[in-house]
Amino acid sequence: MKTHVRVLVIGGGVVGVSTLYHLTKKGWTDVALIERTELTAGSTWHAAGLLPLFNMSYTVGQLHKYSVDLYKRLPAETGQDVSFHVTGNLRLATCKERMDEYQKYCGTANTIGVPFEVISPARVKELWPLIELGGGADTPAIIGALYHPHDGHIAPADLTMALRKGARSAGAEIYEHTEALGIERTASGEWQVRTSISDITAEHLVLATGNYARQSGRLLGLNVPAIPVEHQYIVYDQSAELQAYRQGGGRELAVLRESDKSYYLREERRGWILGPYENGAPARFADGVPDWFGRSLFPGDLDRLVPHVEAATRRVPALENCGIKDIVNGPISYTPDGSPLIGPAWGLRNVWLNEGHSFGITAAGGSGWQLAEWIVEDEPGIDMLAVDPRRFGAYTSKRYVVKKNEETYRNVFVIHFPDEERPDARPAKTSPVYDRIDAKGAVWGQRYGWERANWFAPPGVERRDRWSFRRSNYFEHVGNEARLMRERVGLIDLTPFTKHEVTGPRAESWLDGLVANKVPAKIGRMALCHALTRRGGIRSEFTITKIAEQHYYVVSAGAAERYDSDYLFKSLPRDDSVGLRNITNTRGCFVLAGPKSREVLAQLTDTALDNASFPWLTAQTIEAGLAVEVYALRVNFVGALGWELHFPIEYAHHLFDALFEAGKAHGMGMVGMRAMESLRLEKSYRMWGSDMTPDYTPFEASLDRFVRMNKGPFIGKEALEKQLAGGVPNRFVTLEVHGVTDADPLGNEPLFDARGGMIGRATSGYYGHCLRKSLAIGYTRAEFAQPGTQLAIEILGERKQATVVRESPYDPDNLELRA
Ligand SMILES: Cc1cc2nc3c(=O)[nH]c(=O)nc-3n(C[C@H](O)[C@H](O)[C@H](O)COP(=O)(O)OP(=O)(O)OC[C@H]3O[C@@H](n4cnc5c(N)ncnc54)[C@H](O)[C@@H]3O)c2cc1C
């Protein structure tokens, strides 16, 4: 066994082996993998092997697509068959909302180039002759289906062996019966792993330990939010009807999913495999996998499966006469949002996670591909924010993860409404004024563990969302909140903002090297600054304010707390010239905005608020009411006259009450997240994570005014220089969408030119309540970005005309902001 390697992968399931394989493809061959027992001994050996291309996420969709393409090539490359049955996948719809979901998905699929067909019930019957199209109360009529002709199912162990062969032939080593027992950092910064055989030191470590993620994380002091849930499938005996169909020349049936009844069904040796996602499946191994488990399975629990078996039998009567051969009940790793954890571990250099895979056979190829890219190139090749392990924070306690994972499991097949807010493990993190906001009728949502008011139900209105892909019950109320902000004054609680304090003699120069804009040099100035990837993509957005000499206040998206904090801490110089503190939980933030906001705030402070004394884009430390040390930033995300008040958290109650008391005379009210979405779209404000991602440079995002190419070096500058020299391929656009009656764009819709060619994608969309227009923002090829250009946007399967309009269609000259 080697004593030193460049990368050591821990875990020999399909995901670990794929990571090893892809590292060798990137040219890193001094790599090894250790497996505590035998390859595939974890969840991989008993997986059903389905490879669904369907996924609502732009990122995960790309990973799955890569996998399916790779698995088709692997046998020729490695000489190892992988039993890939390209049967296709058929997802049934029995209600209009389900069809809306499929149509929304088709938008994403189009933008990433996944082939699919939306088909009629007659075509379903043609493809799947053994199906009942239904029509009664028990078996609702199929009204359509989504068909992926190019995926199917695979033999997971064969796939793992093919990847192993590919990796080993390139020089990678694999050591079975070798368990990682302890990990320590060496003086030179490498990782020394004590194994059951001998020690091995590595520059980089990858954890790909499946159900063992909790305990392998603990070896490094990491609380990994991946806990398995039981998942079972039933293996049936041979089916006479299926045999007759196949003997009659019928081709292998597509993998069938009746989403509205939460099960999948596929052929297996002329019989069936039926896999439900049922209610009541428990999380397991929250404290780690016990020694006795090993390669075993849990006893089957048929009672939980009965409703799904009955539904499937009504839909496919051929199941009726088949005996049950076996029930496979195994642990399937889950995370609180159902997506895997692929990328850097927080707080540790050169430690990488490829954990939390619930569709790991499908995602193994893509996750290995991008993780290898990330390790070797220091950056992934595509936007990986949706799977970045740092999208979760310290709030993922064991009980939180257990509850959320069980909830995610039983919701695998629910309709993924864009405005869905799941109830379990809530409320967890709340702003101090939660109760006060609740008393104002808040309808709550959750992000990064924080409760946030999405909208406010006026007295007498039901405090509940009716989730939809279309305008829904809250539409009118959100409109009223948006207009309140534009016409009078409103308050948004943005306490969840991520906040860092940067101090010390090198604070300015250090920050300046991280971001593309010039960091403010004068006290009281602020700048919108973007940290870029080495490829020039947008990594993070920070509002940087100079509070005092050698003292900066750095604010970024609430959901980016661990992601940004990890980046900042890992970028710190090794001496003491820069001090960095994450002060997110020590300050609250109220956005007070609207034409009357000055009059409201003036009642609480002696600081002069007129334009000359307190201009737009400046900041002052003020007293407000009884509160001291309030950072008042004259900036906001809604595009109105106003201030973000960042106050010491202990003043939250006082400030809230004092502001509302002062606001009474002006009809001040609360404004929720959905109104903020509408308001920011009217101003073309880009949102980190959807409109600003590593996929696009600030030039593509038309944020040129926030890039100072003539200042000193900053990360990503070289890539930007190259892009400027070669031409900026895409440009940010704001679109007015015509002819919308009830389905506004929401992001991830494809954009087409007049001849029907796809030329870009929307990244966000909403109804602009004050403009009374349906709006989208996104990217097109540069030649289509001129205002006035006519395009088409596909919303829920319908093409709508759209016009590229000037940026910031509401108050384009920012007169209200400067008022
Ligand atoms: C019943 C069932 C059906 C499924 N069907 C599908 C499907 O149809 N399609 C699909 O895409 N997915 C399916 N899955 C999910 C799929 O099985 C997993 O997502 C996938 O196998 C995860 O692979 P992995 O490599 O991450 O983990 P694993 O296969 O669990 O591998 C992790 C490995 O790490 C090793 N290890 C742990 N700790 C250490 C250590 N300290 N030192 C050394 N080695 C260590 C373990 O021994 C293990 O072999 C199914 C799962 C279940 C339970």
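# Exercises on a predicted model

By the distance rule used here, the model holds 57 salt bridges. A salt bridge is a side-chain nitrogen of Lys or Arg within 4 Å of a carboxyl oxygen of Asp or Glu. The model is predicted: local features need pLDDT of at least 70, side-chain atom pairs count only at pLDDT 80 or more, and totals for chains, interfaces and linings use all residues. Residues are numbered from 1 along each chain as its sequence is written, and side-chain values use heavy atoms, with hydrogens and water left out.

## Exercise 1: salt bridges

Task: Find the salt-bridge partner of arginine 463, and place both residues.

Solution.
- Step 1. Recall the general point: side chains of opposite charge can pair when their charged atoms come close.
- Step 2. The partner is aspartate 438, at 2.8 Å from N to O.
- Step 3. Arginine 463 sits in the loop between strand E20 (450–456) and helix H12 (475–487). Aspartate 438 belongs to helix H11 (residues 434–438), and the two are 25 residues apart. Helices (H or I, at least four residues) and strands (E, at least two) are DSSP runs, numbered from the N terminus.
- Step 4. Check exposure. Arginine 463 is partly exposed at 41% relative accessible area, and aspartate 438 is partly exposed at 24%. The classes are buried under 20%, exposed over 50%, and partly exposed in between (1.4 Å probe, protein chains only).

Task: Say which parts of the chain glutamate 736 and lysine 773 tie together.

Solution.
- Step 1. Their side chains form a salt bridge of 3.6 Å, N to O.
- Step 2. Glutamate 736 lies in strand E32 (residues 730–737) and lysine 773 in strand E35 (residues 773–781), so the bridge ties together parts 37 residues apart in sequence.
- Step 3. Glutamate 736 counts as buried at 18%. Lysine 773, at 32%, is partly exposed.
- Step 4. Now look at a network. Shared salt-bridge partners join Lys26, Glu373, Glu377, Glu379, Arg535 and Arg539.

## Exercise 2: the ligand

Task: Describe how the protein surrounds the ligand.

Solution.
- Step 1. Take the residues near the ligand, meaning those with a heavy atom within 4 Å of it. There are 36 around the ligand, and Glu35, Thr44, Leu50, His357 and Gly360 come nearest.
- Step 2. List polar contacts (pairs of N or O atoms within 3.5 Å; within protein, one must be able to donate a hydrogen and the other to accept it, and residues adjacent in sequence count only if both atoms are side-chain atoms). A backbone N or O atom of serine 43 is 2.8 Å from a ligand oxygen. For valine 15, a backbone N or O atom is 3.1 Å from a ligand oxygen. A polar backbone atom of isoleucine 361 also lies 3.1 Å from a ligand oxygen.
- Step 3. Compute burial. Alone, the ligand exposes 1,000 Å², and the protein buries 97% of that. Accessible areas come from the Shrake-Rupley method with a 1.4 Å probe; for residues, only the protein chains shown count as cover.
- Step 4. Find the elements. Helix H1 (14–25), strand E12 (227–236), E16 and helix H9 (360–377) each give two or more residues to the shell.

## Exercise 3: cysteines

Task: Why is cysteine 95 not bonded to cysteine 106?

Solution.
- Step 1. Apply the rule: a disulfide is a pair of cysteine sulfur atoms within 2.5 Å.
- Step 2. The sulfur of cysteine 106 is the closest to that of cysteine 95, but at 15 Å it is too far for a bond.
- Step 3. Cysteine 529 is in no disulfide either; its nearest cysteine sulfur, in cysteine 589, is 18 Å away. Cysteine 529 is buried at 0%.
- Step 4. The count of disulfides is zero.

## Exercise 4: backbone geometry

Task: Which peptide bond is cis at proline 427, and where do glutamine 550 and leucine 796 lie?

Solution.
- Step 1. Set the baseline: most residues other than glycine have a negative phi, and most peptide bonds are trans.
- Step 2. The bond from arginine 426 to proline 427 is cis, with omega near -10°. Proline 427 is in the loop between H10 and H11.
- Step 3. Glutamine 550 has a positive phi of about 55°. Its loop runs between strand E24 (538–548) and strand E25 (551–556).
- Step 4. Leucine 796 has a positive phi near 45°. Leucine 796 lies in the loop between strand E36 (790–795) and strand E37 (798–805), and is buried at 14%.
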